[in-house]
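Me: I'm new to this one and would like a walk through it. Can we take it piece by piece?

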Amino acid sequence: MDLGRRGREAEAEVLRGMLARTVLGRGGSALVSGPVGCGKSALLHAFAEGAADGGAVVLSAACSETEGSTPFSTIAQAFHQAPLRPEQLRGLRETVPDRDCLSFLTHGTGDPTERVERLYPPVVHQLWRALLDLSVRRPLVIVIDDVDRADAFSLRALAFIARRIRSARVMVVVTAQTGTRRTSGFLQGEVLRQPSWQEIRLTPMSVEDVARTLTRRFGDDTGAHAWYDVSRGNPLLLKALLEDYPTAAGADRRSREPVVGPSFAEAMSACLHRCGPEVAEVAVTTAVLGDHVTVELVADLMGTAPGAVLPWIRALDAAGVLADGRFTHAAGRAAVLALLTRETSARLHRRAAERLYYAGAAPAAVADVLLAAGEDDLPAWSGALLREAGTLALRDGRIDRVVECLELAHRIATEPQDRVSALHLLFSAHWRLRPGGCGRHVDRLLDAAREGCFAGDVSPVVSYLLWHERFADAEMLLTRVAAPDREVPLRTRVELRLLRLSLAYRAPGLLGRLAPEVLDVLDADLDTNGPGCEIGMSPQLQAVRALEVVLGGGDPDEAAAHAEHVVQNHGLDDGTADVLFTMLSVLVDMDRAAAALPWCETLLAEAERRNAPAWCAVLLDVRAAVALRTADFPAAVAYARRALTALAVEDRGPFLTGPLVTQVQAHTAMGQYDQVARLLMQPVPEVSFQTTAGLRYWQAKGLYYVTTNRSPSAITTLRACGELAVAWQIDLPAVLPWRTGTAHALLHAGHTDRAGVLMREQLDRSHRNHARVRGVSLRLLAHTAELSERPRLLKEAVEQLQRCPGMLEQAHALADLSKVLHRLGEGERARLTGRRARQLAARCHATLVDDRRTVHGGEGARTAPADDAGADSAFVLSEAEQRVATLASRGDKNQEIAHKLSITVSTVEQHLTRVYRKLQVQRRADLPDALETLAVENGVGQVPSL
């Protein structure tokens, strides 16, 4: 394949000029030098073919290491091709007295050096006479490839010829590698220092040269830098890449990234073979050391001095095999390592790991080399180092490296505690990367627990077991970790207590399925006031205090203070991740979304940096809940969708429920009921209905039934939700306000008294600082009160809701207040209040929908309760009246309205008369505000998103 580089054309032109002068009787000699693989042979062969086509006699030879010790082997190879006529052969026999001399010129010799030295003068003179005779009729060109490998007598003969061809029609062209082999006396004394020789130096291709080659091959230079990075401009390696590309299965045809294949590996092997054994050993040692290579380490592994390896490293740099003494692309390094047998590779990597370890290299550097050494005959310190490297990689989010290091550490461990330590780290890596892939590690940890060897955090393992409904395994593990007959450390007691509270908060149904004796283990007493109790300020203990307040229905300010202390003072790692996520959820449930938001964003960025999809999914779910609480419903939907896509389907499990509930609530708030219907058709894992998220799913589904006027279904669903909440002791209005939805459904069904009872219960059970719960409860309680009492309750509801980020709930309360004010004859205040309600609703992309009118046909659809129907009907416009009033409010005259609606002017006037009476306005200019107020008055809010 012709790489056709512009620089090679320049060098070829130099040789053609020398040949032209040779034809005229002014012969010359040329040395084409350069690193291995840079096109010396290609240039020589192309020149030789051109010279032969031009009528010259070409004698060629290719030298090799195997023939370097055979006297005259190179000359014999070239002279054997000489077109000697019979009379010339007779002349040679007559001229050369020793018949062996002629054999020297045609076959070389294996005779002792002393005899060859004695016969050298007549042989070389006869050779020169024969060459001169050949050049009389046609110019003669001698081309020798890899002359630095030629035998000494052939080199002396070439030097003899080169000194005599200035006035002859003879030209000598040889190639030689530079830097990779010991420079011969011939090159030093007869070529590099003689004016009769012209040196042509070849170098690797530049990026521009590679780009031109790609353009000739593909039509453009896309990916030139990538091709250069792999080949380093070495023509031999670039040619191999081009050969591999058409059949490479992984080739990206759009970006045209090079793909290394068998041709590249063969080319790399050829380069190293041509360089000689010492240089090849340098390349292999450099490949073994990888990113941790230094000149000193290379020399140490080779058993030589650093000064000895420097020239070889420079030679590999010049050839493009290395760059600054190291492989810059994994493909080149892999190609070199592939040349080693498995046993040789393991031995070299073990030696390299030992050198790095005792030189004080970083654990990650030593681990890189140990992983390539396999698991046989590793040093005794390997297991501890691999666990340390795995821990560091886990901290940095290099999950693949974590798995590699720890799997090897587990396989080579000889002590049970070392195996358990590696298993814990493996579990942590999969727990944050692919939760569904933890099963194998959990099973091995359970085996260790049965053997009495379990150590480390128990909470994540128990959580995994409970999510997969493996209750017997979870009970076994807990009883082994905190057996009655053993002293349980305070740290473990705090962890178990936190696990108990976390399950009560997030999965109360699962907690209830554990045996009583296991619950006793989880309820272990915590004495954190004793001497040496540094656990007192741990994030786990702070989280215990926060959850105790939440589950006890205590002050949300106190719970939020504990939760915020945790997220402010502790970084994200495997020991704190679950605690931090739980505390963020506490902040959201306690209506501290503003406090949760910046920490959620910070932790999400850290989780993304650490390549932890499971962490990202949980944090995106919390972020979606923050958006829902702050009435940013489009953002809530977007974050919930991102939370689901962060994990593969098989890894979601019960986690699916949280983001699904958020989407249902957000779409319901925005009036997008078709979207809600589609979401509710998605299958939900059965185990989810043992969790708080599952209860919220039933609550969201019930609220959707409320807004679509399916009251019987809503009441049934929400009542079941409430019964489970009571049974599981999660009947907390701040966490699960199931009574709110039930009251909405009862109001729809006309059961005002029962709705009032529920709201009074909710007020009694909620702390005075739970502003959102109290505000929503007061608003719905107002629907059950006398008309004269409603303004007071609604104003108090608005005041409460202004203390929290419940913008939509404020809009609903203001809409209710506007309607009541209108019915009490306070039209101006009603309009102003209604306008504010509409503005708040618009800001959160929500619609205000009447609690009592039919929104959706189907089961349970009904109209307003009888006690309010008469009062409301005075404010309801017919469709015809609505169309006329709307056009009139825009400034259209009666004739224009009649024309647009295809009715008579008289009909327009009749409609307007009824509109003025219903809206209690006297003139057309009052219509815009009156219609705006009417739109609010006919809209009593959506069910709140709690």
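Reply: Sure. One definition to start: helices here are DSSP runs of H or I with at least four residues, and they are numbered from the N terminus. Leu-597, for instance, has its place in helix H31, residues 593-609. Keep in mind that this is a predicted model.

Me: Okay, big picture. How many helices and strands does the protein chain have?
Reply: The chain has 946 residues, and 55% of them count as buried. Among contacts with a separation of 6 or more, 68% are between residues 24 or more positions apart. As for secondary structure, the tally is 49 helices and 5 strands.

Me: Back to Leu-597, then. Which residues does it touch, leaving out those up to four places away in sequence?
Reply: Leu-597 counts as partly exposed, at 29% relative accessibility. Its C-alpha is 8.9 Å from that of Ala-627, although the two are 30 residues apart along the chain. With the sequence neighbours left out, Leu-597 touches Arg-623 and Val-626.

Me: Which helix gives the largest share of the largest nonpolar core?
Reply: In general, nonpolar side chains in soluble globular proteins tend to be buried together. Here the largest nonpolar core has 123 residues, and those with the most contacts inside it are Leu-572, Met-583, Leu-584, Val-586, Phe-633 and Leu-808. The largest share of this core is 11 residues, and they come from helix H32 (residues 613-629).

Me: And how many residues are in the other core, the one with Tyr-228?
Reply: That core lies apart from the largest one. Val-284, Met-302 and Leu-348 are among its members, along with Tyr-228. Its count is 65 residues.

Me: Let's look at a strand. How many residues of E3 are buried?
Reply: Strand E3 runs over residues 140-145. On one side Leu-140, Ile-142 and Ile-144 are buried, and on the other side Val-141, Val-143 and Asp-145 are buried too. Both faces are covered, and the count is 6 of 6.

Me: Which strands pair with E3, and in what sense?
Reply: Strand E2 (residues 57-62) pairs with E3 over 6 bridges, and Val-57 has Leu-140 as its bridge partner. Strand E4 (residues 170-177) pairs with E3 over 5 bridges, with Val-141 opposite Met-171. So far as the sense goes, E2 and E3 are parallel, and E3 and E4 are parallel.

Me: What handedness does the β-α-β unit with E3 have?
Reply: The parts of this unit are E3, helix H7 (residues 152-162) and E4. With the strands pointing away from the viewer, a clockwise path from the first strand over the helix to the second counts as right-handed. The unit here is right-handed.

Me: Now a helix. How wide is the arc covered by the buried residues of H15?
Reply: H15 (residues 306-319) reaches 20 Å from its first C-alpha to its last. Its buried residues are Val-309, Ile-313, Ala-315, Leu-316 and Ala-319. They sit on the same side of H15, because the arc they cover around the axis is only 155 degrees.

Me: What covers that buried side, and which residue comes just after H15 with a positive phi?
Reply: The cover over the buried residues of H15 includes helix H12 (262-275), helix H13 (277-289) and helix H14 (295-302). Just after H15, a positive phi of about 85 degrees is taken by Gly-320.

Me: Is Ala-631 buried or exposed?
Reply: Ala-631 has its place in the loop between H32 and helix H33 (633-645). It has a positive phi of about 65 degrees although it is not a glycine. At 4% relative accessibility, Ala-631 falls under the 20% cut-off, so Ala-631 counts as buried.

Me: And Asp-377, buried or exposed?
Reply: Asp-377 also has a positive phi, of about 60 degrees, without being a glycine. Its place is in the loop between helix H18 (363-373) and helix H19 (382-396). At 65% relative accessibility, Asp-377 counts as exposed.

Me: Last one: what is the relative accessible area of Leu-423?
Reply: Leu-423 is found in helix H21 (residues 416-433). It touches His-410, His-441, Arg-444 and Leu-445, not counting residues up to four places away in sequence. Leu-423 is buried, and its relative accessible area is 3%.

Methods
Residues are numbered from 1 along each chain as its sequence is written. This is a predicted model: local features need pLDDT of at least 70, side-chain atom pairs count only at pLDDT 80 or more; totals for chains, interfaces and linings use all residues. Side-chain values use heavy atoms; hydrogens and water are left out. Helices (H or I, at least four residues) and strands (E, at least two) are DSSP runs, numbered from the N terminus. The expected span of a helix is 1.5 Å times one less than its number of residues. Buried means under 20% relative accessible area, exposed over 50%, partly exposed in between (1.4 Å probe, protein chains only). The arc is that of the directions from the helix axis to the C-beta atoms. Contact means heavy atoms within 4.5 Å. A nonpolar core is a set of buried Ala, Val, Leu, Ile, Met, Phe, Trp, Tyr and Cys residues joined through side-chain atoms within 4.5 Å. Two strands pair if DSSP finds at least two bridges between them.
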